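Biologist: Thanks for sitting down with me. Could you walk me through this one, a question at a time?

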There are 2 protein chains.
Amino acid sequence: MEEDVLDARRVEAIQDAVEAQDAARLDELLDPLHAADIADLLEQIGPSDRRDLLRLWPNGIDGEILSELDEAIREEVIDQMSPQVLAEAVRELDTDDVVDILEDLEEEDHDRILGALAAVDRVAVERAMSYPEYSAGRLMQREVVIAPEHWNVGQAIDYMRSNESLPDQFYHVILVDPRMKPKGYVTLGRVLSSRRDVLLREIEEDSFRTIEATEPEADVAYIFNQYHLISCPVVDENDRLVGVITIDDAMNVLDEEHEEDMLRMAGVGDEASLSDTVWEAAKGRAVWLFVNLLTAILASSVISAFADTIGQMVALAVLMPIVASMGGNAGTQTMTVAVRALATRDLTAQNAFRVIRREAAVGALNGMVFGLLMALIAGWWFGLPMLALVIGVAMVLTLVAAAAGGILIPMGLQRFGIDPALASGPFVTTVTDVVGFFAFLGLASWILL
Amino acid sequence: MEEDVLDARRVEAIQDAVEAQDAARLDELLDPLHAADIADLLEQIGPSDRRDLLRLWPNGIDGEILSELDEAIREEVIDQMSPQVLAEAVRELDTDDVVDILEDLEEEDHDRILGALAAVDRVAVERAMSYPEYSAGRLMQREVVIAPEHWNVGQAIDYMRSNESLPDQFYHVILVDPRMKPKGYVTLGRVLSSRRDVLLREIEEDSFRTIEATEPEADVAYIFNQYHLISCPVVDENDRLVGVITIDDAMNVLDEEHEEDMLRMAGVGDEASLSDTVWEAAKGRAVWLFVNLLTAILASSVISAFADTIGQMVALAVLMPIVASMGGNAGTQTMTVAVRALATRDLTAQNAFRVIRREAAVGALNGMVFGLLMALIAGWWFGLPMLALVIGVAMVLTLVAAAAGGILIPMGLQRFGIDPALASGPFVTTVTDVVGFFAFLGLASWILL
C-alpha cells in the first residue's frame with residue numbers, strides 16, 4: 001500500500017491547515033492524495049469546513065476529483081469554482097465522465113460545463129446525452145482504437161505510435177469492416193507478444209460480443225460480470241461502432257445497482273447518500289413509512305375484528321406479535337433470496353417451479369420447528385395446552401404463507417415490469433401480518449373460546 | 001449481442017436433446033455457448049436432468065465451465081467426470097482459478113485436483129493455499145509480466161514476443177528492481193503507442209500501488225473500486241513481487257461481498273444459493289429465526305407487563321403493532337444506510353457525529369409527521385382524544401429510538417470487529433420493539449387509566 005492514504009491523522013492535519021489558513025501546508029497535504037480520496041475527504045467534512053477548504057485551495061479541484069464527488073456535494077463544489085478552473089477541470093475529462101457529471105446537474109448549469117468544452121467534445125457529449133438515461137450510450141467513451149480486418153500486428157503498432165489522441169485507457173484493438181461494423185477484437189497482450197507479420201485476424205479473441213447503445217446499463221453490468229469482459233464495443237442500430245465501454249465503468253454500475261437494490265429493499269429510496277440533507281432523507285424515507293403505515297393499519301383491522309376474543313384472553317395480545325414477527329422475518333429471508341436471484345438472473349422460468357417448491361418446503365420445515373418450539377414456550381408460560389396448540393399451528397401456517405409470499409410476490413412484480421427490490425417489501429409484510437394475526441386470533445377464537 | 005445466448009428456447013431444445021439421447025444435437029446446442037452460460041444452465045436444470053446431460057456429454061466440461069459453476073453443483077459435477085477429463089479441465093486453468101476450485105471442495109477431493117496438475121503448477125497452487133482464506137494471496141495469479149526498470153519499449157516488446165508462457169490476460173508490464181521489488185508499471189497501451197527507444201520508466205503510470213498478499217480480499221475489492229485499478233501487483237512481507245490481481249477477480253469479490261451483506265442483513269446466512277438443498281437452506285435461516293424468536297419473546301414480556309392495561313382497553317392491543325411496525329421499519333432504514341456506508345467506508349470517525357445528528361433529526365421529523373398522522377387516525381377510529389395523544393407521542397419516541405439504534409448499533413458492532421451486516425438486525429429490532437411497546441403501553445397505563 002502507498003503511504004499517501006487518507007487516514008484520521010491526515011484528515012486532522014488537513015483541518016488544522018484549513019483552520020490556520022495555511023495554504024502551502026494544505027497543498028502539501030492534499031497534493032499526494034488520489035482524486036478519489038480527496039473526494040471522500042470533501043464528503044466527510046462538514047459544509048462550512050468544505051467551504052473554507054475550497055477557498056484556501058482555489059485551483060485544486062481538477063476533473064478527476066469532480067468525477068469522484070458524490071452528486072449532492074458536486075453541485076456545491078462547482079458553484080464555488082471559478083469559471084477558468086471549472087473549464088480546465090472539465091476539459092481534461094473523457095467524454096463519458098463529462099456526461100456523468102452533466103447527468104446529475106440541474107439543467108441550467110449544463111451550459112457552464114458544455115461551454116467549457118472544445119467544439120468537437122461538445123458535439124460528442126451532446127450526442128451521448130441524446131441516448132436514454134442509464135443506457136450503454138451514456139456510459140461509453142467515444143474514443144476507440146480500431147484497425148481494418150486485414151492489418152497485421154506491425155501495421156497496428158505503427159498506427160498506434162503515430163496516433164496522437166489515443167484514449168487514456170484501452171485494452172483491445174477493435175477490428176472493423178469498411179462500414180465500421182466491429183468484427184472482432186485483439187487484446188493488447190496478444191498484439192505485443194506476436195511478431196509484426198502476424199495478421200490481427202489470426203490472433204483475435206474467440207468470444208466476441210457487442211452491446212447496443214440503447215441497452216440499459218444494468219444489462220451492461222450483467223454482461224461484463226457474466227462473461228468477464230474487460231472492454232466491449234458499443235454499436236448503433238445499424239451495427240456500426242459508436243464507442244466502447246470499459247470494465248471500470250461496468251464495475252461502477254454494478255456497485256450502484258447493488259446499492260440501489262439494498263436501499264430499495266429497506267425502503268430508503270434512491271437518493272440516499274450520507275450527504276443528503278435531513279429534509280431530503282426524511283422525505284425519501286417517509287414515502288415507504290407511509291406505505292408501511294397503511295399495511296400496518298390493515299393488519300390492525302384484522303386484530304380489531306377479534307377484539308372481543310382478546311378482551312376475554314389477554315395472553316393472545318401478548319403472543320400475537322411473536323407470530324407476526326416470525327412471519328415477517330421468514331418472509332424477508334425468502335424475499336431477499338428471490339430478489340437477489342432475479343437480479344443475477346439465476347431465477348428463471350426454467351427453475352421457477354423448483355425454487356418455489358424448495359421455498360415452500362423450507363417454510364414448512366422451519367414452521368414446524370418453530371411452531372413446536374413456540375408451543376412449548378407458550379404452554380410453559382401460560383399453562384394452557386390449547387393455547388400452545390393454537391400458536392403452534394398458527395406459526396406453521398404463517399411461515400408457509402411467508403415463504404409463498406416471499407417468492408411469488410417478487411416474481412410477480414418482475415413479470416409486470418416493476419422492480420421487485422422496490423415493491424416486494426410492503427406486499428410481503430402485508431401477507432405475513434394479515435395471515436399471522438388472522439391465523440392466530442382466528443384459531444384462538446374458534447378453539448379456545 | 002451475440003445470438004448464441006441461453007434463452008428459454010435453447011434450454012428447451014437442450015432438454016429435448018437430452019431426453020432423446022441425441023448426443024450430436026446436444027453438442028451442437030452447447031458448443032457455441034459461453035462457459036458461464038453452460039454453468040448457469042447446469043444450475044438451473046434439476047439434479048436428474050443434470051445427471052442425464054452430463055452422461056450424454058462426457059467430455060464437455062472444461063476448466064472454464066468448472067470455474068463458473070456454483071460450488072453446491074460443482075462437487076456433484078466433478079464426481080461425475082472421468083479422471084482424464086477432470087485432469088484436462090484442471091490443467092488448462094490459471095493457478096488462481098484452481099485455488100478457487102480447491103477452496104470449495106472437501107479436503108479428501110483435493111488430491112484428485114492437485115494430482116492432475118503439472119509439478120510446477122502444483123507447487124504454485126499449494127503455495128497460494130498457504131495464504132489465509134479470503135486473502136489477496138489466494139486471489140492473485142502467479143503469472144506476471146515483469147521488466148527491469150532500465151529497459152526500453154523495444155526490449156520489453158522483444159521479451160514478450162519471445163516469451164512462450166505469458167498469462168492469458170495481462171494489462172501492465174510491472175517494473176521491478178533486481179530484488180524483485182515492484183517499482184511501477186506501464187500500461188500495454190502506453191507500450192504500444194511509444195517508440196522502441198523510449199524508456200519504460202518514462203511512460204510509467206503516475207499512481208502506483210501494491211497490495212500485500214495477506215490483505216483481506218474485501219480490502220482488495222475496495223482498493224480496485226476506489227482507485228479504478230485494472231490490475232495490481234501483490235507483494236510478500238519483504239515487498240517482493242509474488243503475483244498480480246486483475247480487475248475481473250476484484251469485481252467478482254465485490255459482487256460476492258454485496259451478496260453476502262444483503263443476505264446477512266436479511267438473516268439468510270452465508271451459504272444460500274438457489275442450489276442449496278431444502279435442509280441446508282432451512283438450517284441456515286433457522287439460526288436467525290431463533291435469534292428473532294428470542295427478541296420477539298423479550299418484546300412480548302414487555303407487553304405482558306401491561307396485560308392488565310390491555311385487559312381494560314382492548315384498543316391498545318389493536319394499535320400497538322402499528323407502533324412496533326413503524327419503529328421496525330424506520331430502524332431498518334437507518335441501519336441499512338449505516339451498514340452500506342460502513343462497507344463503502346463513507347462513514348468514518350470523521351463524520352460519525354454529523355451522521356448521527358442527521359439520523360436523529362430524520363427520526364424526530366418523521367416521528368412527528370407520523371405521530372400526528374397516527375394520532376388523527378386513532379382519534380377518528382376509536383374516538384378517544386387521549387388515546388390519540390398517547391399513540392402520537394409513542395410514535396415520536398419510537399422513531400427517534402429507531403434512528404438512534406439504527407445508527408449506533410452498526411457502528412458499535414463494527415468497532416468491536418463484528419460484521420454489522422450480520423448482527424445489527426436483531427439488536428435494532430429489539431430496541432424498536434421494546435421501546436415501541438413500552439412507550440405506547442406505558443404512556444397508556446399512565447395517562448388513560
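Biologist: Let's start with a sheet: how many bridges join strand 2 of chain B to strand 3 of chain B?

Modeller: Happy to, and please keep in mind that this is a predicted model. Strand 2 of chain B covers residues 172–176 and runs antiparallel to strand 3 of chain B. Within strand 3 of chain B, G184(B) is the residue that stands opposite L175(B). The number of bridges joining the two strands is 5.

Biologist: Which strands of chain B stand at the edges of that sheet?

Modeller: The sheet is open, with 3 strands in the order 1-2-3 and mixed pairing. A strand with a single partner has one side left without a neighbour in the sheet, and that is so for the two edge strands here. Neighbouring strands are turned against each other by 35° on average, direction ignored. The edge strands are strand 1 (146–148) and strand 3 (182–187) of chain B.

Biologist: Now a helix. Within what arc do the buried residues of helix 10 of chain B fall?

Modeller: Helix 10 of chain B takes in residues 119–129, and its buried residues are A124(B), V125(B) and A128(B). Seen down the helix axis they line one face, because they fall within an arc of 95°.

Biologist: Why would residues three or four places apart in an α-helix point the same way?

Modeller: It comes down to the helix repeat. Residues that far apart point the same way because an α-helix has, per turn, 3.6 residues.

Biologist: And which helices are included in what covers the buried residues of helix 10 of chain B?

Modeller: The buried residues in question are A124(B), V125(B) and A128(B). Their cover includes three helices of chain B: helix 8 (95–104), helix 9 (110–116) and helix 11 (136–139).

Biologist: Let's turn to where the chains meet. Which helix of chain B gives the most to the side that touches chain A?

Modeller: The contact involves 95 residues of chain B and 95 residues of chain A. On the chain B side, one helix gives the most, with 16 residues, and spans residues 315–343. That is helix 18 of chain B.

Biologist: How do the residues on that side of chain B divide into nonpolar, polar and charged?

Modeller: This is the side of chain B in contact with chain A, made up of 95 residues. They divide into 55 nonpolar, 27 polar and 13 charged.

Biologist: Over to chain A as a whole: what radius of gyration does chain A have?

Modeller: The C-alpha trace of chain A spans about 90 × 65 × 40 Å along its principal axes. A compact globule of 449 residues would come out near 22 Å. For chain A, the radius of gyration is 29 Å.

Biologist: How many helices and strands are there in chain A?

Modeller: As background, 48% of the 449 residues of chain A count as buried. Among its contacts between residues at least 6 apart in sequence, 70% join residues at least 24 apart. As for elements, chain A has 21 helices and 6 strands.

Biologist: How many residues of strand 5 of chain A are buried?

Modeller: Strand 5 of chain A runs over residues 231–235 and is mostly covered. S231(A), P233(A) and V235(A) are buried on one side, and C232(A) and V234(A) on the other. The count is 5 of 5.

Biologist: Which residue in the turn between strand 5 and strand 6 of chain A has a positive phi?

Modeller: The two strands pair in the antiparallel sense over 5 bridges, and S231(A) stands opposite T246(A). They form a hairpin with 5 residues between the strands. The residue, with a phi of about 65°, is D239(A).

Biologist: Finally, is Q226(A) buried or partly exposed?

Modeller: Q226(A) sits in helix 14 of chain A, residues 217–227. T344(A) is 118 residues away in sequence, yet the C-alpha to C-alpha distance is 9.1 Å. A residue needs 20 or more other C-beta atoms within 10 Å to be buried. Q226(A) has 17 such neighbours, so Q226(A) counts as partly exposed.

Technical notes: Residues are numbered from 1 along each chain as its sequence is written. Chains are lettered from A and ligands numbered from 1 in the order in which they are written. This is a predicted model: local features need pLDDT of at least 70, side-chain atom pairs count only at pLDDT 80 or more; totals for chains, interfaces and linings use all residues. Helices (H or I, at least four residues) and strands (E, at least two) are DSSP runs, numbered from the N terminus. The radius of gyration is taken over C-alpha atoms; the globule rule is 2.2 Å times the number of residues to the power 0.38. A residue is buried if 20 or more other C-beta atoms lie within 10 Å of its own, exposed if 12 or fewer, and partly exposed in between; C-beta atoms are placed from the backbone. Two residues are in contact if their C-beta atoms, placed from the backbone, lie within 7 Å. The arc is that of the directions from the helix axis to the C-beta atoms. Two strands pair if DSSP finds at least two bridges between them. Axes are lines fitted to C-alpha atoms, for helices over the stretch in contact, and angles run from 0 to 180 degrees between N-to-C directions. Ala, Val, Leu, Ile, Met, Phe, Trp, Tyr, Cys and Pro count as nonpolar, Asp, Glu, Lys and Arg as charged, and the others, Gly among them, as polar.
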